[in-house]
Amino acid sequence: MSSWQLWAGLAACFAALTAIFAKIGVANINSDFATLIRTVIILIMVWIIVLAKGAWETPSAIPAKTWTFLILSGLATGASWLCYFRALQIGEVAKVAPIDKLSVVLVAIFGAIFLGEQLTMASWLGVAMIGSGAALIAWKG
């Protein structure tokens, strides 16, 4: 197993826990306010990690293109989290999470279109299976 695969696997495990914890957490609170609380916790956690690892970089030294895309990524993340928490609040976690994971399908498509990434036929088959599986769980489950 490659290092990136280990980290991706850990990300998937933590994402699964996020869905369960969030579903319980949004039960008696406005979903937008719940997202704010989650974001503050993440900000504190990452700030501590950056300081502990000595990973701080001078913001003025970061190229404008990097800033632009990190800002866009942050805005997309925020929108995703707000939508996800609202969906969790009103839907079943076992149906919301698979639809959220359709992002895997979209990433493959967007990666091919916008980044020129090449997927094999087997990879595209896997992407199609992920999409089909998510649809079966969410809409027919």
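Exposed means a relative accessible area over 50%, and buried means one under 20%. All views show a predicted model.

**View 1. F14 on helix α1 belongs to a nonpolar surface patch.**
F14 is found in helix α1, which covers residues 3–25. Its relative accessible area is 53%. The cut-off for exposed is over 50%, so F14 counts as exposed. F14 helps to make a nonpolar surface patch of about 1000 Å². The other members are M1, L6, W7, L10, L17, I20, F21 and I24.

**View 2. Helix α5 has buried residues along one face.**
Helix α5 spans residues 103–114. Which residues of α5 are buried? They are V105, A108 and G111. Seen down the helix axis, these buried residues fall within an arc of 135°, so they line one face of α5. An α-helix has 3.6 residues a turn, so residues three or four places apart point the same way. On the other side of α5, V107, I113 and F114 are exposed. Just after the helix, G116 takes a positive phi of about 70°.

**View 3. D100 and K101 form a salt bridge.**
The side chains of these two residues meet at 3.1 Å, N to O. Side chains of opposite charge can pair when their charged atoms come close. How many salt bridges does the count give? The count comes to one. Are D100 and K101 buried or partly exposed? D100 is partly exposed, with a relative accessible area of 25%. K101 is partly exposed too, at 36%.

**View 4. The largest pocket is lined by residues from several helices.**
Rolling a probe the size of a water molecule over the atoms shows where empty space is left. The largest pocket has a volume of about 1600 Å³. It is lined by 43 residues. Closest to the pocket centre are R38, T77, S80, W81 and D100. Helices α1, α2 (31–53), α3 (64–90), α4 (93–100) and α5 each give two or more residues to the lining. Which element gives the most? Helix α1 does, with 14 residues. D100, one of the residues closest to the centre, is also a partner in the salt bridge with K101.

**View 5. Q118 sits in the loop between α5 and α6.**
Helix α6 covers residues 121–140. Is Q118 buried or exposed? Q118 counts as exposed, at 74% relative accessibility. Q118 and Y84 are 34 residues apart along the chain. Their C-alpha atoms are separated by 29 Å.

Note on methods: Residues numbered from 1 in each chain as written. Predicted model: local features only at pLDDT ≥ 70, side-chain atom pairs only at ≥ 80, totals over all residues. Heavy atoms only, no water. Patch = residues over 30% accessible without salt bridge, like charges linked within 9 Å, V, L, I, M, F, W, Y side chains within 5 Å. Areas by Shrake-Rupley, 256 points an atom, 1.4 Å probe, with all protein chains shown as cover. Salt bridge = Lys/Arg side-chain N within 4 Å of Asp/Glu carboxyl O. Helix = DSSP H or I, 4+ residues; strand = E, 2+ residues; numbered from the N terminus. Buried < 20%, exposed > 50% of the residue type's maximum accessible area, 1.4 Å probe, protein only. Arc of directions from axis to C-beta. 1 Å grid on protein atoms, 1.4 Å probe; cavity = no way out; pocket = protein on both sides within 12 Å on 5 of 7 lines; lining within 4 Å. Points joined across faces, edges and corners; volume = space filled by probe spheres on them.
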